[in-house]
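Here is a short set of exercises to work through with the model open in your viewer. Try each task before reading its solution.

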Amino acid sequence: MGDRRERGAVTRRRRTLTICGEAAAAGASSKRTARSEQSAGDASRNATANGEQVHETAKSRDDGLKDRISCHRLQESLLSSESGYSNYRGILNWCVVMLVLSNARLFLENLIKYGILVDPIQVVSLFLKDPYSWPAACLIIVSNVFIMAALYTERQLAMGKISESTGTFLYCIDLIAVLCFPSATVLTLTSMTPVGGILALLVYTVLFLKLYSYRDVNKWCREIRHVQARKLSRSNSCPSVQRANGNAAHCHVTYPGNLTHRDMYYFIFAPTLCYELNFPRSPRIRKRFLLRRLFEMLFLMQLQVGLIQQWMVPTIQNSMKPFQDMDLSRMVERLLKLAVPNHLIWLIFFYWLFHSSMNFVAELMQFGDREFYRDWWNSETVPYFWSNWNIPVHKWCLRHFYKPMLRKGVNKLTAQIAVFFLSAFFHEYLVSVPLKMFRLWAFMGMMAQIPLALFVGRFLRGNYGNAAVWISLIIGQPIAVLMYVHDYYVLHYGSATEGGASSQ
Ligand SMILES: CC(C)(COP(=O)(O)OP(=O)(O)OC[C@H]1O[C@@H](n2cnc3c(N)ncnc32)[C@H](O)[C@@H]1OP(=O)(O)O)[C@@H](O)C(=O)NCCC(=O)NCCS
């Protein structure tokens, strides 16, 4: 094949030279008619080109003879790593075809066993117990109180009406209330469903992280203002709102000109957890891009709900009995069975949230920074995965928690453990409170990332490391899901589950 390539190159070169020769000849003849005094020079150039052509033809004839005499050369087989071959596109396509076929069989088996379980009405009941009572939505609306409290505190600080320590104290109360008020409401309100509770707590957790960032950035601005008191303007550097193409032009804001409702709510709805006075903005809203993301959002949402109802719920229900009986082999079998739909749904969820939804919101708000994820799928180490799959959270952790700790002299490992501890706390908070069940599975799952990271980093490299990260994702999540669901069923439906869960 390599020889054929070489021969092809020689032929191409010959053809190119011939075409060049003809062109030179044609050019020379046209010049002859135009300027006769240059004809001698042209003729000599033509002769040189012809000479080159004859030489090349002879050389290629020699090459052709050599090719016929020897047909072997020193080379490695494609599949040996020494060959340096890396184009596995066909193999990748084969994997996709096998994946589709094996999953099609699973889909069919599932349909034959259970019939169609997808029921959109049932989804509504996950959010609402009573169609006239919307506790989760009301709880989310109440969050505006905490946003206003933060803005009010910032304005007082900017005007110098309260001291920095009083501001910190007020912020602490506000941030503690942001975490405690919704959890107390979720725990006490019987009309709140677990799914409604998770949604409300997720909104409050995001709000907590955003307000923390808002406070940090405004404090840094005050510190800069103290240093450059004279240079910085106290007002917006673009006070009059200009209009361009029907939209308000984005003007540069300086502290404390940013302490407005408009600025605060832009940050609250923007797809980021890190506050900035002047976010990078995209020049316009691309309508086609927006519609594509909206379509993806709606379609993938339905697909996730359908897959959960059709594929995950029956598998989880059938897993209860082996878990209650502590039948180890059946438990492993159920776990592996659940791993496939769980992983597929998680992948769809990733695309739905980080690509479709965040890009949709960003496009709508002309928010310019679209780096919501990086190539986590190539992770060869566990820290690489955590630094690349959820960029908004990672960025917040780095900017407001990890780097401040490093700057204070805390060593790297301790700082990393502290970040994972904080992350583990929020994971547990988001699961245990809505389920009203404190089991620490999510907390332990997150903390287990540290020894896993040390193990993978020490013993596994390259593709082996990448495979280890994938396995931890594929197997780790369904373990946590089964633990929580099992405990929830045992707690709430106890004996009823034992009878119903025996069918396979
Ligand atoms: C813990 C965590 C923050 C570590 O991230 P990391 O990228 O591996 O950290 P690194 O040690 O490589 O350093 C990162 C940054 O700190 C900087 N840094 C390192 N040592 C420093 C020091 N002594 N002082 C100041 N900065 C320092 C680095 O220069 C780097 O900066 P850059 O990002 O601007 O390049 C990350 O693993 C993480 O975000 N974990 C939690 C993720 C999570 O829970 N996600 C939840 C998703 S649901």
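**Exercise 1. Decide whether Cys71 is buried, partly exposed or exposed, and do the same for Cys221.**

Solution. Keep in mind that this is a predicted model.
- Step 1: take the relative accessibility of Cys71, which is 56%. The exposed class begins over 50%, so Cys71 counts as exposed.
- Step 2: turn to Cys221, whose relative accessible area is 14%. Because buried means under 20%, Cys221 belongs to the buried class.
- Step 3: look for disulfides. A search through the whole structure returns 0 of them.

**Exercise 2. Describe the protein chain as a whole: how many helices and strands does the chain have, and what share of its residues is buried?**

Solution.
- Step 1: count the secondary structure elements. There are 16 helices and 2 strands in the protein chain.
- Step 2: check burial. The chain has 504 residues, of which 35% count as buried.
- Step 3: consider the surface. About 30,400 Å² of the protein chain is exposed, and carbon and sulfur atoms supply 66% of that area.
- Step 4: sort contacts by sequence separation. Taking the contacts with a separation of 6 or more, 74% join residues 24 or more positions apart.

**Exercise 3. Find the buried residues of helix α8 and state which helices they pack against.**

Solution.
- Step 1: locate α8, which covers residues 261-269.
- Step 2: pick out its buried positions, namely Asp263, Met264, Tyr266, Phe267 and Ile268.
- Step 3: follow their contacts outward. The packing partners of these buried residues are α5 (135-158) and α7 (194-227).

**Exercise 4. Stay with helix α7 and place Gly197 in its surroundings.**

Solution.
- Step 1: assign the element. Gly197 is part of helix α7.
- Step 2: classify the residue. Gly197 has a relative accessible area of 0%, so Gly197 is buried.
- Step 3: list its contacts. Leaving aside residues up to four places away in sequence, Gly197 touches Val186, Met192 and Pro434.
- Step 4: compare sequence and space. Leu139 lies 58 residues from Gly197 in sequence, and their C-alpha atoms are 9.3 Å apart.

**Exercise 5. Characterise the shell around the ligand: how many residues surround the ligand, and which helix gives the most to the shell?**

Solution.
- Step 1: count the shell. The ligand is surrounded by 18 residues, and the closest are His394, Tyr402, Lys403, Lys412 and Ser423.
- Step 2: map the shell onto helices. At least two residues come from each of α11 (382-388), α12 (391-407) and α13 (412-435). The greatest contribution is that of α12, with 7 residues.
- Step 3: sort by chemistry. The shell holds 10 nonpolar, 6 polar and 2 charged residues.
- Step 4: examine the polar contacts. Oxygen atoms of the ligand lie 2.7 Å from a polar side-chain atom of Tyr402, 3.1 Å from a side-chain N or O atom of Lys403 and 3.2 Å from a polar side-chain atom of Lys412. The ligand taken alone exposes 1,000 Å², and the protein buries 65% of that.

**Exercise 6. Is His394 buried or exposed, and which residues does His394 touch?**

Solution.
- Step 1: find His394 in helix α12.
- Step 2: read its relative accessible area of 17%, which means that His394 is buried.
- Step 3: identify its contacts. With residues up to four places away in sequence left out, His394 touches Trp386 and Ser387.

Terms used
Residues numbered from 1 in each chain as written. Predicted model: local features only at pLDDT ≥ 70, side-chain atom pairs only at ≥ 80, totals over all residues. Heavy atoms only, no water. Buried < 20%, exposed > 50% of the residue type's maximum accessible area, 1.4 Å probe, protein only. Helix = DSSP H or I, 4+ residues; strand = E, 2+ residues; numbered from the N terminus. Contact = heavy atoms within 4.5 Å. Disulfide = S-S within 2.5 Å. Areas by Shrake-Rupley, 256 points an atom, 1.4 Å probe, with all protein chains shown as cover. Near = heavy atom within 4 Å. Polar contact = N/O pair within 3.5 Å; in protein donor to acceptor, adjacent residues only side chain to side chain. Nonpolar A, V, L, I, M, F, W, Y, C, P; charged D, E, K, R; others polar.
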